[in-house]
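The following note is offered to a colleague who is new to this entry. Its points may be read alongside the sequence and the model.

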Amino acid sequence: MGQMAFTVRMDADVKKRFDELCKDFGMSSNTAFNMFARAVIRQERIPFDVESEKQAQLQRAWEAVERMRASALANGLADMSMEEIDEEIRQYREERQARRIKEVMEKRKETE
C-alpha cells in the first residue's frame with residue numbers, strides 16, 4: 001500500500017508535549033497518528049468522546065435526576081404526584097421566606 005504525507009498544524013507547546021508522551025509510550029508521533037486514523041476507520045467514529053460543555057452539563061443534570069429518582073425509590077417517595085411535589089415545594093418556600101423575615105426582624109432589633 002502506498003504512503004502519503006499528512007501535515008497537521010498545532011501549537012508548538014502541544015506538539016512538544018505530544019512528542020514527549022509518544023516517546024514515553026515507545027512510539028513516534030507519526031505512529032500515534034496512524035493508530036488514531038486506523039481506530040477511526042475500524043470503529044467508524046472518533047475513538048473518544050467529543051462533546052460540548054453544554055452536552056456535558058446536560059449529562060450531569062440527567063445523572064443528578066437519576067440519583068434523585070433512586071433516592072426517592074429508596075425512601076418510599078417515588079409515588080408522589082406532581083401536585084404533592086408542588087405542595088411540598090410551596091411549603092418549603094413559605095418556610096424559607098418566614099425564616100428570612102425572622103432573621104431580618106432579629107437584625108433590626110439588634111440595631112435598635
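1. Helix α1 comprises 13 residues, and from its first C-alpha to its last it reaches 18 Å. That span is close to the 18 Å expected at 1.5 Å a residue. It should be kept in mind throughout that this is a predicted model.

2. Both ends of α1 merit a remark. At the N-terminal end the helix is capped by Asp11, which has a side-chain oxygen 3.0 Å from the backbone nitrogen of Asp13. After the helix comes Gly26, with a positive phi near 85 degrees.

3. Aromatic pairs come next; their count is 2. In one of them, the ring centres of Phe18 and Phe33 lie 5.3 Å apart and the ring planes stand at 55 degrees, so this pair is classed as tilted. The class follows because planes count as stacked under 30 degrees and as edge-to-face over 60, with the rest tilted.

4. The pair of Phe18 and Phe33 links distant parts of the chain. Phe18 belongs to α1 (residues 12-24) and Phe33 to α2 (residues 29-43), and the two are 15 residues apart.

5. Are the two rings' residues buried or exposed? Relative accessibility is 27% for Phe18, which therefore counts as partly exposed. Phe33, at 32% relative accessibility, also counts as partly exposed. The reasoning rests on the limits of the class, because buried means under 20% and exposed means over 50%.

6. Phe33 appears again in the largest pocket, where Met4, Phe6, Asn30, Phe33 and Asn34 are the lining residues nearest the centre. This pocket holds about 700 Å³ of space, and 17 residues line it.

7. Which element supplies the largest share of that lining? It is α2, with 8 residues. Sorted by class, the lining of the largest pocket contains 10 nonpolar, 5 polar and 2 charged residues.

8. The second largest pocket has about 340 Å³ of space. Its lining includes Val65, Met68, Arg69, Asn75, Leu77, Glu88 and Ile89. Two or more lining residues are given by each of α3 (53-74) and α4 (82-111).

9. Of the elements lining the second largest pocket, α3 gives the most, with 5 residues. By class, this lining has 8 nonpolar, 2 polar and 2 charged residues. Arg69 and Glu88 are among the residues that line this pocket, and Arg and Glu both count as charged.

How values were computed:
Residues numbered from 1 in each chain as written. Predicted model: local features only at pLDDT ≥ 70, side-chain atom pairs only at ≥ 80, totals over all residues. Heavy atoms only, no water. Phe/Tyr/Trp six-rings, centres within 6.5 Å; stacked < 30°, edge-to-face > 60°. Helix = DSSP H or I, 4+ residues; strand = E, 2+ residues; numbered from the N terminus. Buried < 20%, exposed > 50% of the residue type's maximum accessible area, 1.4 Å probe, protein only. Expected span 1.5 Å × (residues − 1). Polar contact = N/O pair within 3.5 Å; in protein donor to acceptor, adjacent residues only side chain to side chain. 1 Å grid on protein atoms, 1.4 Å probe; cavity = no way out; pocket = protein on both sides within 12 Å on 5 of 7 lines; lining within 4 Å. Points joined across faces, edges and corners; volume = space filled by probe spheres on them.
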